[in-house]
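Subject: The structure, and what turned up in it

Hello,

Here is the structure you were asking about. Have a look at it first, and my notes follow below.

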Amino acid sequence: MPSTLKSPSHAPRLGIACQGGGAHTAFTAGVLAYLFLSFEHFRRRGEDEKWFSLVGLSGTSGGAITAAMAWSEVPDGSWAEGARRVLHYWNRNKASLDPRGKLPLWWGDYFTNAATQWASIWQNWLPAVSLPPSPFTSSLVQDRMRDDMRAVVGLPADAERFKGRPGLDLFVGAVDVVNPGGEPETAFRTFPEDAAAGLRLDELLASACIPELFVAQPLSVDKGDGSGEREGRIFWDGLYSQNPPINDFFIDRERDCKPDLLWVIQINPNTYEGSPHGPLTPDDQDDRRNELSGNQSLAQELRAIDVVNRIAFELAELPALTPRLAAYKPVTVCFIRLGERAEGPLARYRLNYASKLNRDPDFIDALMAEGIAAAHRAATGHELVRPHRCMTEACALDFPNPDWPLPAQLEALLDDPALAAQWRRLCAA
């Protein structure tokens, strides 16, 4: 480590960024559940914020919803409750045969999901047909998503927003479809628009508004011209803007408010592992296009971080800096990634684009199990305290690594017997 870069005397300020990817973000649920239960484990050992000081979460689409469930305010500040809420949300989101907690309308959800997955198998042999999203179906599914979020966070039936943990930021990415601002960057929006008032459920739905499935999500937002007036805009999935938001952790923020450490939970693979001639079938082409689109903004933002890290390294050589230059600081970027060819229960599934719409209970559980295992592997392998090889390592910092608990040790922190039993099954998988 260069002598000009010194580790902070405090625990590293930590940001966690959650990439979107439809049902694949059940992997993120497993990751966040393990991390939050570990934070609670450290807290009960009297090591709260000794190793990490979590200052913010960000996410897009399914990653945004998962991050928001973990971020949501809890009465006693328990990290374990954040993990419980993440698991509860994905359990409710499953297309299961269990009718409990569901309106009769959704009792056939399992068969609808299975039929959709079966139909996707024939995509390579049938003519492609693109139909506009149904306003009725769009409204129906979004109403269910609102109900699920309200139930998990413990909101009344008419609640439209909720608040997060004090001192913890959340950035939810979405794209302004019309973009009256007229510049590329004005289309990229992050929510909550008013952090003090909380996050609107519709802001989360905007981030998860896949245009093939949903009608563009309307939102009333500030015009942004300083007048304080509001106007209606429409939004699509954050895949088309920031996936996930990262710049918001750093831009226009004081040095002491910026993370020292950033963990990226990445859903989309960087490498294509199919035919050596590239994707040839329509299914493979759709799959790879989706993966590349999902990673494009992430690659650009990571490149910007690496450039800033190099600038911070050079500035550290200077004897005195102006306040604006002193605001530059290095950040250590680490990854927890969903592998294209995972082992264990996920190995029997193909992680293609169609499977991002698959809410089969066994598939969701396999993704969560893989998330728990991947988070534990990364943590115990020192991958969460050392700069990833994609960054200029000499311009970032290493941090001390705690004694991370085994996933099975965390079961006792899940007070709900059903969740504890599920956790035991996921860890065994």
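To start with one residue: does A64 count as buried or exposed? The model is a predicted one, and in it A64 has a relative accessibility of 0%, so A64 counts as buried. This alanine is part of helix α2. Setting aside neighbours within four places in sequence, A64 touches G59, V172, L204 and S207. If you want a sense of distance, C334 is 270 residues away from A64 in sequence, and their C-alpha atoms are 19 Å apart in space.

The rest of that helix fits the picture. α2 covers residues 62-71, and ten of its ten residues are buried. Among them are G62 and G63 at the start of the numbering, and M69, A70 and W71 at the end.

**Helix α5**

Next, please find helix α5, residues 135-153. With 19 residues at 1.5 Å a residue, α5 should span 27 Å, and its end C-alpha atoms are indeed 27 Å apart, so the two values agree. Its buried residues are S138, Q142, R144, M145, R146, D148, M149, R150, V152 and V153. The elements that cover these buried residues include α2, α3 (79-93), α4 (109-121), β3 (161-162), α6 (201-207) and β7 (217-222). After α5 comes G154, with a positive phi near 85°.

**The second largest pocket**

α5 also turns up in the second largest pocket, giving five residues to the lining, the most of any element. The volume of this pocket is about 690 Å³. The lining has 22 residues, and those closest to the centre are N91, R92, S96, D98 and R100. Elements supplying at least two lining residues each are α3, α5 and α10.

**Aromatic rings**

You may enjoy this part. The count of aromatic pairs comes to 17. One of them joins F42 and W404: the ring centres are 5.5 Å apart and the planes are at 65°, so this pair is edge-to-face. F42 belongs to helix α1 (residues 26-44), while W404 is in the loop between α9 (361-380) and α10 (417-428), so the pair ties together parts that are 362 residues apart in sequence. F42 and W404 are both buried. They also belong to one aromatic cluster, made up of Y34, F36, F39, F42, F52, W79, W263 and W404.

Elsewhere, a charge meets a ring: the charged end of R337 sits over the ring of F335, 4.1 Å from the ring centre.

**Enclosed space**

How many cavities of 30 Å³ or more does the structure hold? There are two. The largest cavity has a volume of about 90 Å³. Its lining is formed by L14, F39, F42, E47, D48, E49, K50, W51, F52, S53, L54 and W79. The elements giving two or more residues to that lining are α1 and β2 (53-60). F39, F42, F52 and W79 are worth finding on screen, as they line the largest cavity and are also members of the aromatic cluster.

**Backbone details**

A last group concerns the backbone. Most residues other than glycine have a negative phi, and most peptide bonds are trans. Here are some places to look at with that in mind:

- F191 and P192 are joined by a cis peptide bond, with omega about 10°. P192 is in the loop between β5 (188-191) and β6 (199-200).
- N243 and P244 are also joined by a cis peptide bond, with omega about 0°. The loop between β8 (230-237) and β9 (261-266) holds P244.
- N179 is not a glycine, yet its phi is positive, about 55°. N179 lies in the loop between β4 (169-176) and β5, and at 17% relative accessibility it counts as buried.
- H382, again a residue other than glycine, has a positive phi near 65°. H382 is in the loop between α9 and α10 and is partly exposed, with a relative accessible area of 31%.

Happy browsing, and best wishes!

Notes. Residues are numbered from 1 along each chain as its sequence is written. This is a predicted model: local features need pLDDT of at least 70, side-chain atom pairs count only at pLDDT 80 or more; totals for chains, interfaces and linings use all residues. Side-chain values use heavy atoms; hydrogens and water are left out. Buried means under 20% relative accessible area, exposed over 50%, partly exposed in between (1.4 Å probe, protein chains only). Helices (H or I, at least four residues) and strands (E, at least two) are DSSP runs, numbered from the N terminus. The expected span of a helix is 1.5 Å times one less than its number of residues. Contact means heavy atoms within 4.5 Å. Rings of Phe, Tyr and Trp (its six-membered ring) pair if their centres lie within 6.5 Å; planes under 30 degrees apart count as stacked, over 60 as edge-to-face and the rest as tilted. A charge sits over a ring if NZ of Lys or CZ of Arg is within 6 Å of the ring centre and within 35 degrees of the ring normal. On a 1 Å grid over the protein atoms alone, a cavity is a set of points where a 1.4 Å probe fits but cannot get out, and a pocket is an open set with protein on both sides within 12 Å along at least five of seven lines; lining residues have an atom within 4 Å of a point. Grid points are joined across faces, edges and corners, and a volume is the space filled by probe spheres set on the points.
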